Amino acid sequence: MPLATHTRSMLLLVLTMVVWGSTFMVTKELIAVWPPFTVAFVRVIVGTLVLLPFALSRKTPGLRLPWPTIWLMGFIGVALYYLVFNMAMMSVSASQGALVQASIPAMTALVAVLWLRERATALRWLGIAMSVGGVLIVFSGSGSDGGESSLFGSLLMFASVVCWGLYTALAKRAAGFDSLVITVAVTGTGSLLLLPLAGYEVVTANLAGDGLPPLPLIGWVELLYLGGIASGVAYLLYNASLRHLDASEVGVYTNLIPIVGVLTGVVVLGDPLSARAIVGGVVVMFGVWITSRAERPVAVTA
């Protein structure tokens, strides 16, 4: 592979991780104005509409998609994931949420071992155990840093980690199909599942007499950023980088997401970051690194 192509792919991947890492901060700001389910719905539907033309151009006529699996993926990996994620962001800081979500690779490995019956070496178990232990350290600071609501928010954020692990395992059932087509089908079904909850929030706000608070211009920019860029364009950039990089190499870059999440939370929002949270985050990251070292390289699908 030419050096310029490899370098361009790495830069695209870094840009993608920076975008995804910044979503904690952006979501935190949006749900301070709009209710969480409405934010989730708008984010997902905008991302779906951005990716839809690309998916339609790649869909084979007469192709039968695995709709039962797609609906289950849409429920767990889109609707339920964004529900608990956005509700968690109402109670925890952006940086704390990013630290908890750093355990996603280890949780995905745990689901693969327990559900898909993949072989687990002692090193892999060690990495999973360290990541879970790091999350518990982050949890231990929740009560003192932000009260019971912060602990509850951390538990909700960990629930989103579990959702993503289950979603990744379900995605293996659709591995034989075009990943972009499957992603659009999944986000489309997820949008439909989120619509009643978002509608309930809007109706409730209208019955209260005020309706949804008006979003300032920066709020609309952030909403389009979450949907169009983070859930749309970033996926295309991610796929483009995968064409020229090994899956094992890509896995290393995913560790940038919690780092960017913590940095944007601290720098932009002024999030407090306790020593226990830092220690827990480091333990989580080290556990993820051990887990990735113990796994054989596999193709990554979003």
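## Leu193 and the nonpolar surface patch

Leu193 is a residue of helix 8 in this predicted model. With a relative accessibility of 30%, Leu193 counts as partly exposed. Between Leu193 and Trp71 the sequence separation is 122 residues, while their C-alpha atoms are 9.3 Å apart in space.

Both of these residues belong to a nonpolar surface patch of about 560 Å², whose members are Trp67, Trp71, Leu72, Phe75, Leu192 and Leu193. Two elements, helix 3 (67-88) and helix 8 (179-207), each give two or more residues to the patch. Helix 3 gives the most, with four residues.

## Ala205, further along helix 8

Helix 8 also holds Ala205. Ala205 has a relative accessibility of 16% and therefore counts as buried, since the cut-off for a buried residue is under 20%. Leu193, at 30%, counts as partly exposed.

A separation of 122 residues along the chain also applies to Ala205 and Leu83, and their C-alpha atoms lie 18 Å apart. For Leu193 and Trp71, which are 122 residues apart in sequence, the C-alpha distance is 9.3 Å.

## Helix 2 and its kink

Helix 2 covers residues 36-58 and has 23 residues. From its first C-alpha to its last, helix 2 reaches 33 Å, which is close to the 33 Å expected at 1.5 Å a residue. Helix 2 nevertheless has a kink of about 40 degrees at Leu52, shortly before the proline Pro53.

## The salt bridge

Side chains of opposite charge can pair when their charged atoms come close. How many salt bridges does a search of the whole structure find? The search finds one. The partners are Asp178 and Arg58, and their closest N and O atoms are 2.9 Å apart. Asp178 is in the loop between helix 7 and helix 8, whereas Arg58 is in helix 2, so the pair ties together parts that are 120 residues apart in sequence.

Asp178 is partly exposed, at a relative accessible area of 26%. Arg58 likewise counts as partly exposed, with a relative accessibility of 37%.

## Aromatic pairs and the aromatic cluster

The structure contains eight aromatic pairs. One of them joins Tyr81 and Tyr82 in an edge-to-face arrangement, with 5.1 Å centre to centre and 80 degrees between the planes. Tyr81 counts as buried at 9% relative accessibility, and Tyr82 counts as buried at 14%. A tilted pair is formed by Trp164 and Tyr167, for which the figures are 4.7 Å centre to centre and 35 degrees between the planes.

Trp164 and Tyr167 both lie in helix 7 (residues 142-171), three residues apart, about one turn of the helix. An α-helix has 3.6 residues a turn, so residues three or four places apart point the same way. The two rings are covered to unlike extents: Trp164 is partly exposed, with a relative accessible area of 26%, whereas Tyr167 is buried, at 5%. These four residues, together with Phe24 and Phe85, form one aromatic cluster.

## Helix 5

Is helix 5 largely enclosed or largely open? Nine of the eleven residues of helix 5 (residues 104-114) are buried, so this helix is largely enclosed by the rest of the structure. The buried residues are Ile104, Ala106, Met107, Thr108, Ala109, Leu110, Val111, Ala112 and Val113.

## Ser274 and Gln96

Ser274 is found in the loop between helix 11 (256-269) and helix 12 (275-294). At a relative accessible area of 19%, Ser274 is buried, because the limit for that class is under 20%. Ser274 and Gln96 are 178 residues apart along the chain, and 9.5 Å separates their C-alpha atoms.

Technical notes
Residues are numbered from 1 along each chain as its sequence is written. This is a predicted model: local features need pLDDT of at least 70, side-chain atom pairs count only at pLDDT 80 or more; totals for chains, interfaces and linings use all residues. Side-chain values use heavy atoms; hydrogens and water are left out. The expected span of a helix is 1.5 Å times one less than its number of residues. The bend at a residue is the angle between axes fitted to the seven residues ending there and the seven starting there. Rings of Phe, Tyr and Trp (its six-membered ring) pair if their centres lie within 6.5 Å; planes under 30 degrees apart count as stacked, over 60 as edge-to-face and the rest as tilted. Buried means under 20% relative accessible area, exposed over 50%, partly exposed in between (1.4 Å probe, protein chains only). Patches are made of residues with over 30% relative accessible area and no salt bridge: like charges are joined within 9 Å, nonpolar side chains (Val, Leu, Ile, Met, Phe, Trp, Tyr) within 5 Å. Accessible areas come from the Shrake-Rupley method with a 1.4 Å probe; for residues, only the protein chains shown count as cover. A salt bridge is a side-chain nitrogen of Lys or Arg within 4 Å of a carboxyl oxygen of Asp or Glu.
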